[in-house]
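Trainee: Could you show me how to read a few features of a fold, starting from the sheet and ending with a single side chain?

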Amino acid sequence: MDRDWATAALARLREPEPPTPLRCYPLPFDLELYLKDESQRPSGSLKHGIVRRLFEDAVADGRIGPSTTVVEATAGNTAVAAAWFARLLGLPFVAVVPGRTSPAKRQRIESYGGRCHPFDPPLAIYAEASRLAGELGGHYLDHLNAVEHAEDWRGFGSTGAALVAQVTEACGSAPAWVVVGAGTGATSATLGRHLRYHGLPTRLAVVDPEHSAYFPSWATGDRGYGTGMPSRIDGIGRPRVEPAFRAEVLDFVIPVPDAASLTAMRHLAAATGIEAGPSTGANLWGAFTLAARMIRDGERGAIATLIADGGYRADAPESPQYAAAIGRFLRDGTTPG
């Protein structure tokens, strides 16, 4: 019975989905800027693809069966995608979240049938998820440790590889730069290895918010760097360097002030009508920074990045300082940073 269920579950997990669309930001220079809209995934989450592979691995290994409770420790996009896939397979899902998690974040998880299990202190949610999965006879996804081995960096199915392929088709050549944020670090690590393996000329940049360990780790070479403070930008930034992060495959890491991320998020909504989250704002700020460098150096080509999630209202406070910096960049191509 379990094997029949697993066969049917894997078939459902592998049902084809249309590619997410490529949006164009109208730069007033001889450069192109594309944003691949991952908010159009069925779960509305950038983590949709990687969480699907975590479910596939666990079902194939027998760790998820027809009555398994799936548990994860996060209040972000990973939990949203996990709740969506658990509902697809008819399984209960519990997200262990920090006690201060906002009602809006909990509602996103619960809208797909998940249950939130608040727990403090925030850094203890991982141990609590492991304990709870054992108590329930369930399966702890443990995405921070499992994600490194779930992505196929040689193939073309990962989010980053699909982004490069779509932009290449649209432009006739590979993008000059790809900009992504680092949460688990898996997206940038997978894409960086993919670019090297296939000999592509595309350079890879990561944007990192305040209080996150990734930029200091990349700049100093200290893999054990930690800040002890959580990121305030949903979906990206970590107080420690996660196992999946690979600084060696990156060309550039851009620290982005939180106010710049929020201001760029508001700018994107005003300029294009795309209402995305603050991590997308960080991506856009990073893309503007790279565009200014290309203009300075006389380079041409395309820059590509991701819309990580959608449905946000652009009502965050705008910083006059960073709004003015974006205006100067769009007027004369000077770096906003």
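Mentor: Happy to; we will go through the sheet, a helix pair and one residue in turn. Keep in mind that this is a predicted model.

Trainee: Let's begin with the sheet. In what order do the 6 strands lie?

Mentor: The order is S1-S2-S10-S7-S8-S9, in an open sheet with mixed pairing. Strand S1 (22-25) and strand S9 (252-255) are the edges, each pairing on one side only. From one strand to the next, the twist averages 25°.

Trainee: Which way do S1 and S2 run relative to each other?

Mentor: They are antiparallel, joined by 4 bridges. S1 and S2 form a hairpin, with 5 residues between them. To find the register, look for Tyr 25, which stands opposite Leu 33 in S2.

Trainee: And how many bridges link S2 and S10?

Mentor: There are 7 bridges, and this pairing is parallel. Here Asp 37 stands opposite Ile 307 in S10. On to strand S7 (residues 177-181): 2 bridges join S7 to strand S10 (residues 301-307), again running parallel. Val 178 has Ala 304 as its bridge partner in S10.

Trainee: Why is S2 described as largely enclosed by the rest of the structure?

Mentor: Because 6 of the 7 residues in strand S2 (residues 31-37) are buried. As general background, side chains in a regular strand alternate between the two faces of the sheet.

Trainee: Now the helices. What describes two packed helices?

Mentor: The angle between their axes and the distance between the axes. In our case, the axes of helix H2 (residues 48-60) and helix H3 (residues 77-88) come within 9 Å and cross at roughly 50°. H2 and H3 are therefore oblique to each other, and the crossing is right-handed. The residues making this contact include Val 51 and Phe 55 of H2, with Ala 81 and Phe 85 of H3.

Trainee: Last, a single side chain. Is Glu 128 buried or exposed?

Mentor: Glu 128 has a relative accessible area of 7%; the cut-off for buried is under 20%, so Glu 128 counts as buried. You will find Glu 128 in helix H5 (residues 125-136).

Trainee: Which side chain does Glu 128 join in a polar contact?

Mentor: That of His 117, at 2.9 Å. Beyond its neighbours within four places in sequence, Glu 128 is in contact with Val 96, His 117 and Phe 119. Select those residues in your viewer and you can trace the surroundings of Glu 128 yourself.

Notes: Residues numbered from 1 in each chain as written. Predicted model: local features only at pLDDT ≥ 70, side-chain atom pairs only at ≥ 80, totals over all residues. Heavy atoms only, no water. Buried < 20%, exposed > 50% of the residue type's maximum accessible area, 1.4 Å probe, protein only. Polar contact = N/O pair within 3.5 Å; in protein donor to acceptor, adjacent residues only side chain to side chain. Contact = heavy atoms within 4.5 Å. Pairing = 2+ DSSP bridges. Axes fitted to C-alpha atoms, helices over the stretch in contact; angles between N-to-C directions. Parallel < 35°, antiparallel > 145°, perpendicular 65-115°, else oblique. Left-handed = near helix turned anticlockwise from the far one by under 90°.
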